[in-house]
Every structure is written in C-alpha cells, then in structure tokens.
Amino acid sequence: MYSSLIDQAAEACVQATKGVALTGAGISVESGIPPFRGKGGLWEKIDPMKYAHIDMLVNNPVEVWEVLFLGIAELLTTAVPNAGHLGLQRLEQMGILQTIITQNVDGLHQKAGSSDVIEFHGTHAMLRCMGCHVRSDWQSVSMDRIPPVCPCGAYLRPDVVMFGEPIDVGLLRRSQILAANCDVMLVIGTSATVEPAAYLPLIAKDRGAFIIEINPEPTPLTNRISDITLLGPAGEMMDRIVAAMDKRRAGA
Ligand code: APR
C-alpha cells in the first residue's frame, strides 16, 4: 500500500522546483526529542498554558527556567539530525526544495546542512535579554544563577516564541509568500494545530500546491488538505521517497 503512495510522493517531488517543507516536533522524534502533543509528549507532563506562556515567564521566571528551559537545553546538546532532516537536505541539493519553515527550536535542519531555514518559533540555541533584547549564545553566559542575567541586569531567556507572543512579522510574511508560491509542500511531523503555522498548508493548497504529509497519526490536514498522507515516521518515509526519486532520476 505504501509503495504506490511513496511513488506518487516521489513523482511530485521530482517535478517540483519550488518546494517548501513545513516541519514540526515529530521530525525530531527519531533524534530523541519528544514531541509536545500526543503519547509521550512534553505537554502530557507539564501544562503548556502554564509553563510555556509568556505571562508565566514574566511572573515566575525561575520556575519556567527550571521546569522547561533547562530540560530542553539538555536534550538539545546531544541531539543529532536523523534521516528526516537529511532527506530534506538531499531535496535541497537536488534543486527541489527551496526553504524549510520549521516550528522546531532545535536547530537540527541547519545541522543537517539545509541552508534556508525559517525558524518560525525562534531558536533555543540563542538567549535573549528580557530587558535590552540583546542576544547572546549559551556558552558566553554564566549558568551559575538561574535565570542567567544579562550585563544590563535583566534576566535572559531562550530566543523562542512562547504562547501569548507574536510570530516575527517578517518571518510570517515570508512564510506566507513561500507557501503561496510553492509547487509542493511537505508537511512533516506537525499536529497542524497551532496557528499561524497550521494555516500555511491551507495557503499552499489554495494556490495549487501538491501537499505531501508525513506523520504516523492523521491530523486535521489528512484527507482534507493533504493530497497524500504517508502514515509513518519521518525518517523512514523520507528515506523511501528519496530512494524512489533516485531511481526515477536514474531512469530506472
Ligand atoms: N515522524 C513524524 N511525525 C511524528 C513522529 C515521527 N517519528 N512521531 C510523532 N510524530 C507526529 C505526531 O503524530 C504529531 O502529529 O508529530 C506531531 C507532533 O505534534 P506536536 O507535538 O503538536 O508538535 P508541533 O506540531 O510542532 O507543535 C507546534 O506547538 O507547543 C507548541 O511551540 C510548540 O512549535 C510547537 C507548536
């Protein structure tokens, strides 16, 4: 059953020149980073509206740092890209994929070698001052005290977008334009429930793009917006798509 869907996905990718990928936490699951929602997800253990909300960070930064930020930082220090990230990098090399719009803050697409990555929800790799907004990297900051403190005296926080905070307007606009102009959109490892990222596949579909979804579970996009849904893990599915594309390109 999968092979024909894989073939269709490969065929759509081979034809594409303006592909865009929208990725979410699921693409990094095979790198050992748990997703937010669903079985084993982070939000099963902690309440996102409490710990991942900007109001909580402002009112109780010590608790947010201890419960959320330090745990994520530890996971990210050892995580390496998996076949899902590497498959997207291959698609870029082949001239098929232009840009990855990721909701992830783990930097694994860049580590895999993808060159144009829009970090829609920011990055955990950098810290930002809550007072003067200057950014710094983790290595340059003392973690003797939590939360760490900026030279200006205010607390530092990871440079991520929390609930209750807006998406950077420039990134949002660029993502909408890419979605409107792509020929194929790969939607990988996202529950497609958090706006405005979840709206991007709708823009792409409305403008005629072919939507390939990869996720072990159906999402609100499945059978509605997605032209093909590959119900499986990102790494395995990307490996199979790339292998089918290589075969086609070799004229087999
Ligand atoms: N391969 C592909 N997809 C997977 C895999 C896997 N190996 N394992 C799980 N998934 C799927 C799940 O079925 C789920 O649909 O990944 C999806 C992860 O969904 P979420 O945890 O909701 O992650 P995401 O869509 O990225 O969340 C969006 O919500 O909490 C906020 O800011 C956070 O960026 C995040 C945003």
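Helices are DSSP runs of at least four residues, numbered from the N terminus. The legends below refer to a predicted model.

**Figure 1. Helix H6 and the residues at its two ends.**
Helix H6 comprises residues 83–93 and is followed by Gly95, a residue with a positive phi near 80 degrees. At the N-terminal end, the helix is capped by Asn82, a side-chain oxygen of which lies 2.6 Å from the backbone nitrogen of Gly84. Asn82 itself is found in the loop between helix H5 (61–78) and H6. Its relative accessible area is 9%, and Asn82 is therefore classed as buried, the limit being under 20%. Within H6, the buried residues are Gly84, His85, Gly87, Leu88, Gln89 and Leu91. Gly84 thus appears both as the partner of the capping contact and among the buried residues of the helix.

**Figure 2. Helix H10 and the segment that follows.**
Helix H10 contains 16 residues, 234–249. At 1.5 Å a residue the helix should span 22 Å, and because its end C-alpha atoms are 22 Å apart, the expected and modelled spans agree. The buried residues of H10 are Ala234, Gly235, Met237, Met238, Ile241, Val242, Ala244 and Met245. An α-helix has 3.6 residues a turn, so residues three or four places apart point the same way. One of the buried residues, Ile241, is 159 residues from Asn82 along the chain, and their C-alpha atoms are separated by 15 Å. After the helix comes Gly251, with a positive phi near 75 degrees. Gly251 belongs to the segment after H10 and is exposed, because its relative accessible area of 62% is over 50%. Gly251 and Leu171 are 80 residues apart in sequence, and the distance between their C-alpha atoms is 39 Å.

**Figure 3. The ligand and its surroundings.**
The ligand sits in the largest pocket. There are 21 residues around the ligand, and those that come nearest are Phe36, Arg37, Thr190, Ser191 and Asn215. Asn215 also places an N or O atom of its side chain 2.7 Å from an oxygen atom of the ligand. A polar backbone atom of Ala25 is found 2.8 Å from a ligand oxygen atom. For Glu30, the partner is a nitrogen atom of the ligand, at 3.1 Å from a polar side-chain atom. On its own the ligand has 740 Å² of accessible area, of which the protein covers 91%.

**Figure 4. Ser28 and Arg37 in the loop between E1 and H2.**
Ser28 lies in the loop between strand E1 (19–23) and helix H2 (42–45). With a relative accessible area of 1%, Ser28 is buried. The side chain of Ser28 makes a polar contact of 2.6 Å with the side chain of Asp106. Arg37 likewise lies in the loop between E1 and H2. Arg37 is partly exposed, its relative accessible area being 35%. In sequence, Arg37 and Thr193 are 156 residues apart, while in space their C-alpha atoms are 9.8 Å apart. Arg37 is also one of the residues that come nearest to the ligand.

**Figure 5. Two cis peptide bonds that precede proline.**
The peptide bond from Ile146 to Pro147 is cis, and its omega is near -5 degrees. Pro147 is located in the loop between strand E5 (135–137) and strand E6 (156–160). A cis peptide bond also joins Glu195 and Pro196, with omega about 5 degrees. Pro196 is found in the loop between strand E7 (184–188) and helix H9 (200–206).

**Figure 6. Positive phi at His133 and Asn223.**
His133 is a residue other than glycine with a positive phi, near 70 degrees. Its place is in the loop between strand E4 (122–129) and E5. Asn223, also a residue other than glycine, has a positive phi near 65 degrees. Asn223 lies in the loop between strand E8 (210–214) and strand E9 (228–230). Its relative accessible area is 73%, and Asn223 is therefore exposed, the limit being over 50%.

Key: Residues numbered from 1 in each chain as written. Heavy atoms only, no water. Helix = DSSP H or I, 4+ residues; strand = E, 2+ residues; numbered from the N terminus. Expected span 1.5 Å × (residues − 1). Buried < 20%, exposed > 50% of the residue type's maximum accessible area, 1.4 Å probe, protein only. Near = heavy atom within 4 Å. Polar contact = N/O pair within 3.5 Å; in protein donor to acceptor, adjacent residues only side chain to side chain. Areas by Shrake-Rupley, 256 points an atom, 1.4 Å probe, with all protein chains shown as cover. 1 Å grid on protein atoms, 1.4 Å probe; cavity = no way out; pocket = protein on both sides within 12 Å on 5 of 7 lines; lining within 4 Å. Sits in = over half its atoms within 2 Å of the grid points.
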